Amino acid sequence: MSDPFLVLAHVGKTFGATRALADASLELYSGEVTALVGENGAGKSTLVKMLAGLYQPDKGDIRIDGHTVRISSPTAARQLGISIVHQESLLFDNLSVAENVVIDAIPLRRGVIDRNEMRRRAADVLRQLDAPFTADQLVGELSVAQKHLVQIARGLSHSARIVVLDEPTAALSHRETQDLYRVVERLKTAGCAILLISHRFEEIFASADRYVVFRDGCDVGRGRIGDIDRQRLIELMIGRTMEQTYPARAASASGSGADILRVEGLSRDREFRDITFSVRGGEILGFYGLVGAGRSEVMQCLFGLTRPDAGRVVMQGRDVTAVSTGAAVANGLAYVPEDRQHQGAILPFSIASNIALPSLQGLSRFGMQRRSAVAELASRWIADLQIKTTGPGQSVDGLSGGNQQKVVLAKWLATRPQVLIVDEPTKGIDVGAKAAVHAVMRDLAASGIAIVMVSSDLPEVLGMSDRVIVMRRGRVRARLDRSEASAENLAQAATAA
């Protein structure tokens, strides 16, 4: 076994009273992919920011190729051959691919940008990656997957020897994911040491050579990926066995009550057509389908974000077809959107401000917000949903992904809805946080709330739903009871021509 190319030895990092990394070690090997796994809040993001030169460790050391280094800035990281491919694009959409690739070291000739040399450099790197676009194309015209390639190309233009892939496939289709990992194989062949951070176990086991597990700021397990299975990896991540991935359902909580919500013939031009379904109190109704099936568009229409061209929405005998989100909330509907960071929460605002937002009218007197009432409301939901925080005043962007999702849930649960719509409720959060969100959803259903859950995660749909509706190309293609639903027939209904 060759010596590791990168070593982080017993590093620690503290922010005030928060210990992000306590005693974490990590090794990367040339020509191999090492998967870093752990729950949100385990310290993965802090470690990536150390490698990017944004944070410096309070203790421990970092060695590259046997030499102790100090990564004092992003410029220093690039000079050391470290390239970070972030989940979110950090590119300039209004510039060309070539300009983005060389942005950190623009070639000059007599004080003027040498555009021919810029294109040549970019084209050379794109050729190595077999990129399906040219150096002259605008980055804004590219797909998310292609933008990831541009970020990789930028690193290779600096002779990157260490490539960090931070949740690189979170927003990619299956085909785009396969294309990206073909590039990863080329990077391995070229001798790069690759760190992969992902919540997707199928990707970890398919592409990684090694694994390292972080928990509570420490490394708690490492080894060859072929020597561990999914269950053991989960146990290392969460520090306990997980006999059941999805919470058990009480026998009495089977959604046997009367219909709370009925949707009849709902249609919207070019998005969906003739959508009819009902959901009972205490029931979780799953909506499954591939990307583009129209599920989210239906939910947005139910909540008044868009208007239907035909059909109606009925709650307990009343027509409540929403013409606005305010009317939807007043009628007992709540909607947790897929994109919690841009649509679900205002990240710089405090937890208390976010939770109170839809309920401000009831928390105000003479047009003035009652701060004590807002704090009391937030504290109650922090306790009920077990949100890990320093207090109601903490900003949402300081929370882990799973706790951000709980804040968004709390915001809408505070409106006391009869029907809760959740769109991809566990997207982008780790297995432990998923279990916590699933438990919350089970408790809500047990309390009599009707839940409509949109999910592309097949195990989640099968594990959580009492009934499942499958959509394809804007139409309902199957309606299945829990006893009828299986991975095979859901996939068949979602993909059949």
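Let's start with helix α5, residues 144-157. It has 14 residues, and at 1.5 Å a residue that should span 20 Å. The end C-alpha atoms are 20 Å apart, which agrees. Keep in mind, by the way, that this is a predicted model.

So how covered is α5? Mostly: 11 of its 14 residues are buried. The buried ones are A145, then K147, H148, L149, V150, Q151, I152, A153, R154, G155 and L156. You'll notice charged names in there too, K147 and R154 among them. As a general point, an α-helix has 3.6 residues a turn, so residues three or four places apart point the same way.

What's doing the covering? The elements packed on those buried residues include two strands, β6 (82-85) and β9 (162-166). On the helical side, they include α3 (97-101), α4 (115-129) and α6 (174-189). And just after α5 ends, have a look at S159, which takes a positive phi of about 60°.

Okay, next stop: N354, sitting in helix α12, residues 351-356. Is N354 buried or exposed? Buried, because its relative accessibility is 2%, and the cut-off for buried is under 20%.

What does the side chain of N354 find in there? A polar atom of that side chain lies 2.8 Å from the backbone nitrogen of I346. There's also a backbone oxygen, from S350, 3.0 Å from a polar atom of the N354 side chain. If you leave aside neighbours within four places in sequence, N354 is in contact with A345, I346 and F349, and also with V396, V407 and K411. I346 turns up both in that contact list and in the polar pair with its backbone nitrogen.

Now out to the surface. There's a nonpolar patch of about 350 Å², made by I106, L108, V112 and I113. Take L108 from that group: it lies in strand β7, residues 108-109. L108 counts as exposed because its relative accessible area is 56%, and exposed means over 50%.

Last one, R370. Where is it? In the loop between β20 (368-369) and α13 (371-384). R370 is partly exposed, since its relative accessible area is 28%, which falls between the 20% and 50% cut-offs. And if you want a distance to check on screen, try R370 to M453: 83 residues apart in sequence, and 34 Å apart in space, C-alpha to C-alpha.

That's my tour, happy to pull any of these up.

Key. Residues are numbered from 1 along each chain as its sequence is written. This is a predicted model: local features need pLDDT of at least 70, side-chain atom pairs count only at pLDDT 80 or more; totals for chains, interfaces and linings use all residues. Side-chain values use heavy atoms; hydrogens and water are left out. Patches are made of residues with over 30% relative accessible area and no salt bridge: like charges are joined within 9 Å, nonpolar side chains (Val, Leu, Ile, Met, Phe, Trp, Tyr) within 5 Å. Accessible areas come from the Shrake-Rupley method with a 1.4 Å probe; for residues, only the protein chains shown count as cover. A salt bridge is a side-chain nitrogen of Lys or Arg within 4 Å of a carboxyl oxygen of Asp or Glu. Helices (H or I, at least four residues) and strands (E, at least two) are DSSP runs, numbered from the N terminus. Buried means under 20% relative accessible area, exposed over 50%, partly exposed in between (1.4 Å probe, protein chains only). A polar contact is a pair of N or O atoms within 3.5 Å; within protein, one must be able to donate a hydrogen and the other to accept it, and residues adjacent in sequence count only if both atoms are side-chain atoms. Contact means heavy atoms within 4.5 Å. The expected span of a helix is 1.5 Å times one less than its number of residues.
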